[in-house]
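Please prepare a short report on this multi-chain model. Cover the interfaces, the sheets and the unusual backbone geometry.

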Amino acid sequence: MSKRIVHYINQFFGGIGGEEKADVRPEMREGVVGPGASLAQALGEDYEIVATIICGDNYFGENIDEAVAEIMEMVKKYEPDVFVAGPAFNAGRYGVACGTIAKAVAEQLEIPVLTGMYEENPGADMFRKDMLVVATPNSAAGMRKVVPVFTTLIKKLANGEEILGPAEEGYLERGIRVNYFAEERASTRAIEQLLRKVKGEEYHTDYPMPVFDRVDPCGAVTDVSKIKIAIVTSGGIVPQGNPDHIESSSATRYGIYDITGMDTMSPEDFMTVHGGYDRQFVLQDPNLVIPLDVLREMEKEGRIGELANYFVTTTGTGTSTGNAKAFGEEFSKKLLADGVDAVILTST
Amino acid sequence: MKLELGKIFIKDLQFGGETRVDGSTLIVCKEDVEKLVMEDERFLKVSVEIAKPGESTRITPVKDVIEPRVKVSGNGGIFPGVISKVDEVGQGRTHALVGANVVTVGRIVGFQEGVIDMSGPAAAYCPFSKTFNLCVVVEPREGLETHAYEEAARLAGLKVATYLGKAGREVEPDEVAVYETKPLLEQVALYPELPRIGYVHMLQSQGLLHDTYYYGVDAKKFIPTFMYPQEIMDGAIVSGNCVAPCDKVTTFHHLNNPVIEDLFKRHGKDLNFIGVILTNENVFLADKERCSDMTAKLAEFMGLDGVIITEEGYGNPDTDLMMNCRKITRHGVKVALITDEFPGKDGKSQSLADSVPEADLLLSCGQGNAMLHFPAMDRVIGMLDYIESQIGGSAGCIAEDGSFDAELQIIIASTIANGYNHLAAKGY
Amino acid sequence: MLRKRENILIITNNERVAERFGEGFQVELLAEYGEVLLRTRDALQTEYRLLTHPMSGSLKPNQTPFKTIILERVEKRGALDMNSIELIERAMAAYHKFYECREIPAWSERSREDFRTVDLSLMEPAIERL
Amino acid sequence: MVKEIERVGIPVVHMCTVVPISLTIGANRIIPAVGIPYPLGDPTLGEVESKKIRRNLVERALKALETPVSGQTVFED
């Protein structure tokens, strides 16, 4: 019996349409659709793509819980040996959708999953720790190049074979530290690499320290009395009861909450869920994190032009850079659309 | 300073009437060893057993491992300030019984001592699975205070190793290695064209079961200092700690420091090995600042182009490691770090407890959280009573037949952070 | 450096540390290892800095039930010691990471006493120098 | 998050207590805040004083927004 594969793709690769069709709901088709054809051909006759699920990226992004539930039902029916999503190349929303659904399948159905993305796809940082993400070029023009990488990994996953390192297999490093026996002991390797470093040659570390990218500063605002300002915080301020269940640390969600008509952050209305500090002071006075009281005064005095009628919030502590980046990318679009000219970001 | 190290390769270990080396066999008089250990009134009882590579034998709980050595000529004696009188060592000739070790066994405290398997999957991770081990299993008198017992066990191992070493005094070694380091100015002038490399050796020094001794001095009581690499080969440094079995630097590993050995292999060829800076790992943050300032100052003062830094233990020492790295780098000296990793259950967490951007060259000695199955063994030297509570073990991990699953951490020196092993970790 | 005794705060869950140093110093005796870290974090975020490393002892946080940390009140209120804050955050991260590997076993009283002894021995030389 | 906001062209001023973290996450205009459990104000000094401190901090944040910078800049008092 051949091994069964279910393939997830978006509306574009499914041939339904581009951005204008990004809100289509999940649908399932028997057999191969779009990029699945080249995979099926390369996989040969012992493997079969039994079904293809197509979903609009916007529908997925805006209705995550429903989309995941619907797709999960479809996948279940086919009892696949491997679930493949994408590849999403450099498409951000598609990448996040592939990662989200693949993660859900892996966790809930305990089926091996595989996806593929360009390294700078925001979905890559969000999900590379959770699954195999094949490193792809930044556009679909590179599909042919990654087909063999996909097929090798699909076969290994289907048969439960050992997955080698990222360099050998062509996936994005998951950050899992795996032991092996090196040819030379560490002292010998250290001397070799140190001499390279001393000579100014290229050298190789076994354990790269985290690196941080930078962005060039935006130009200054000429006159704050003429602009619209929004407040963003990583201080975990949420409405009483935490309606969106933002986590106290390692947040996977952020919230946008209305402050229309409020002159101050009342402790009756707001609380903090942040797990990274002693909360007693902020619980009594949330203005300590969201300075609404003074910003309202300034708005009335004309010191600032206008205050946006909401604030954006999440918890900073332990939150992965991948998640923080994805949050930022998402709400920045809203800020832009709402005509926000500058942001005051507060952290504890 | 010049030391000739004569290596006598030992390929078998047997009990016999008189302690001697016969060809490549070390014959040990069991009674003499027992008598020697029992001279210390703090012990209630001792048993001496032999473990050989390939046997179905498990040794646990292990405290220290010591290679027998003897001073044939030159100043001082082995383990100065501890067994021999305080006197500078590192000159002349020393003989080592390579392939034989003394292993001290017994419960010191209920958690820190590790496991050596003489065969099976765990043997691949432990250097002492491949050596002939004379196991000295000690038991203290009732009510003996922990510090006193730790000291008694430490000394027992060193005494037995010194006693065995004497059997090699008159034996013609199979191989003689010569190690020479000249005083700073001469050494620098000897190979003016080669990069000047030093070694920053961090010694565990926090308290009970976390101490190391240099000429008998508790390492937390000294400030960073210069050491000729030859001194360490005569036992100037002895281990008094059982931090976690996997990254314990045993006295064997001090005698056979891999960084020093490997630096000498390239000494005069493509580097100029200038010497060793000894420093410590203290509890006080102010001490850490002070000592890392001083190592950086010494590295600069010695005119080094590059240093290798090794640490012992996880957590707190990572902070010393990073401070040393940052400050030495800022003094214009290039740095390579050697350490082991603890990335947690799924291998995905941060491997180290501290980090600085200057730590851009780090060589891994493997990760200690990986799980391994330890099959049952026919024979146990020591006792299995503590496996569940030993580091790397867990409640209920041991089966009735004596097999168990545990983290690599439980194996003595499996991820030792001085670079002795071939085990390494990479990103998957 | 001259330290004022009244500025020293010892946070511990080791009864023997409290017994030994409770007379001369301000000691907060808590129940759990995790509470010691949490209380230390809160103290560092207001008016204290670390004198000892929060991971002193090199026993991983799931390997010993006892922890003692020594802090000093900073003279200038609000002058956060960033180094202290970073160290305690890392210690808490390590604590959670290793707890995921295995929880602290139900040690025998004899082993618990050993752990108290080791923890005390780490602190004694430090405290005696204060 | 700060980088993503600036990438779309909206300037950000980051008011935070732990400046080194702000530097590592890539903020370009940084205002050091009062303390971790109370970044904007000091409730131990009473409500009125606390609010005064907050107003002062926000004033500084606005000025930072009006100040051209060429790289990561910490606006001390």
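## A strand pair across two chains

Which residue of β1(D) does Ile344(A) stand opposite? The partner is Val13(D). Helices (H or I, at least four residues) and strands (E, at least two) are DSSP runs, numbered from the N terminus.

This is a predicted model: local features need pLDDT of at least 70, side-chain atom pairs count only at pLDDT 80 or more, and totals for chains, interfaces and linings use all residues. Residues are numbered from 1 along each chain as its sequence is written, chains are lettered from A and ligands numbered from 1 in the order in which they are written, and side-chain values use heavy atoms, with hydrogens and water left out.

## The sheet shared by chains A and D

Strand β13 of chain A (residues 342-346) is joined to β1(D) by four bridges, and the two run parallel. β1(D) is also joined to β2 of chain D (residues 29-32), again by four bridges and in parallel. Val13(D) has Arg29(D) as its bridge partner in β2(D). Two strands count as paired if DSSP finds at least two bridges between them.

The full sheet is open and has seven strands. Their order is β10(A)-β12(A)-β8(A)-β13(A)-β1(D)-β2(D)-β3(D), with mixed pairing. At the edges are β10 (255-258) of chain A and β3 (73-74) of chain D, each pairing on one side only.

## Helices on the shared sheet

Helix α10 of chain A (residues 292-301) packs on this sheet. In chain A, α10 touches β8 (228-233), β12 (306-313) and β13. Here contact means heavy atoms within 4.5 Å. The direction of α10(A) makes about 160° with that of β12(A). Axes are lines fitted to C-alpha atoms, for helices over the stretch in contact, and angles run from 0 to 180 degrees between N-to-C directions.

α3(D) packs on the sheet too. This helix touches strands of both chains: β8 and β13 of chain A, and β1 and β2 of chain D. Its direction makes about 165° with that of β2(D).

## The D–A interface

In this interface, 47 residues of chain D are in contact with 53 residues of chain A. The buried area is about 4,200 Å², and carbon and sulfur atoms give 66% of that. Buried area is the accessible area (1.4 Å probe) that two parts lose on being put together, summed over both.

The rule finds six salt bridges between chain D and chain A. A salt bridge is a side-chain nitrogen of Lys or Arg within 4 Å of a carboxyl oxygen of Asp or Glu. One of the six joins Arg55(D) and Glu301(A). Their closest N and O atoms are 2.7 Å apart.

There are also 15 residue pairs in polar contact (both at pLDDT 80 or more). A polar contact is a pair of N or O atoms within 3.5 Å; within protein, one must be able to donate a hydrogen and the other to accept it, and residues adjacent in sequence count only if both atoms are side-chain atoms. On the chain D side, the elements giving two or more residues are α1 (2-7), β1 (12-16), α2 (19-25) and α3 (47-65). α3(D) gives the most, with nine residues. The chain D side divides into 22 nonpolar, 13 polar and 12 charged residues. Ala, Val, Leu, Ile, Met, Phe, Trp, Tyr, Cys and Pro count as nonpolar, Asp, Glu, Lys and Arg as charged, and the others, Gly among them, as polar.

## Chain C: sheet and contact with D

Chain C has an open sheet of four strands in the order β2-β1-β4-β3, with mixed pairing. Its edge strands are β2 (26-29) and β3 (48-50). The twist averages 30° from one strand to the next. β1(C) (residues 8-12) and β4(C) (residues 68-73) run antiparallel, joined by five bridges. Ile10(C) stands opposite Ile70(C) in β4(C). Helix α2 of chain C (residues 33-44) packs on the sheet, touching β1, β2, β3 and β4. Its direction makes about 10° with that of β4(C).

The contact between chains C and D takes seven residues from chain C and 10 residues from chain D. About 620 Å² is buried between chain C and chain D, 64% of it from carbon and sulfur atoms. The rule finds zero salt bridges there. The count of residue pairs in polar contact is also zero (both at pLDDT 80 or more).

## Backbone points to check

A cis peptide bond joins Gly86(A) and Pro87(A), with omega about 10°. Pro87(A) lies in the loop between β4 (82-85) and α4 (92-109) of chain A. Another cis peptide bond joins Thr60(B) and Pro61(B), with omega about -10°. Pro61(B) is in strand β6 of chain B (residues 57-66).

Tyr215(B) has phi near 50°, a positive value in a residue other than glycine. Tyr215(B) is in the loop between β14 (210-214) and β15 (217-218) of chain B.
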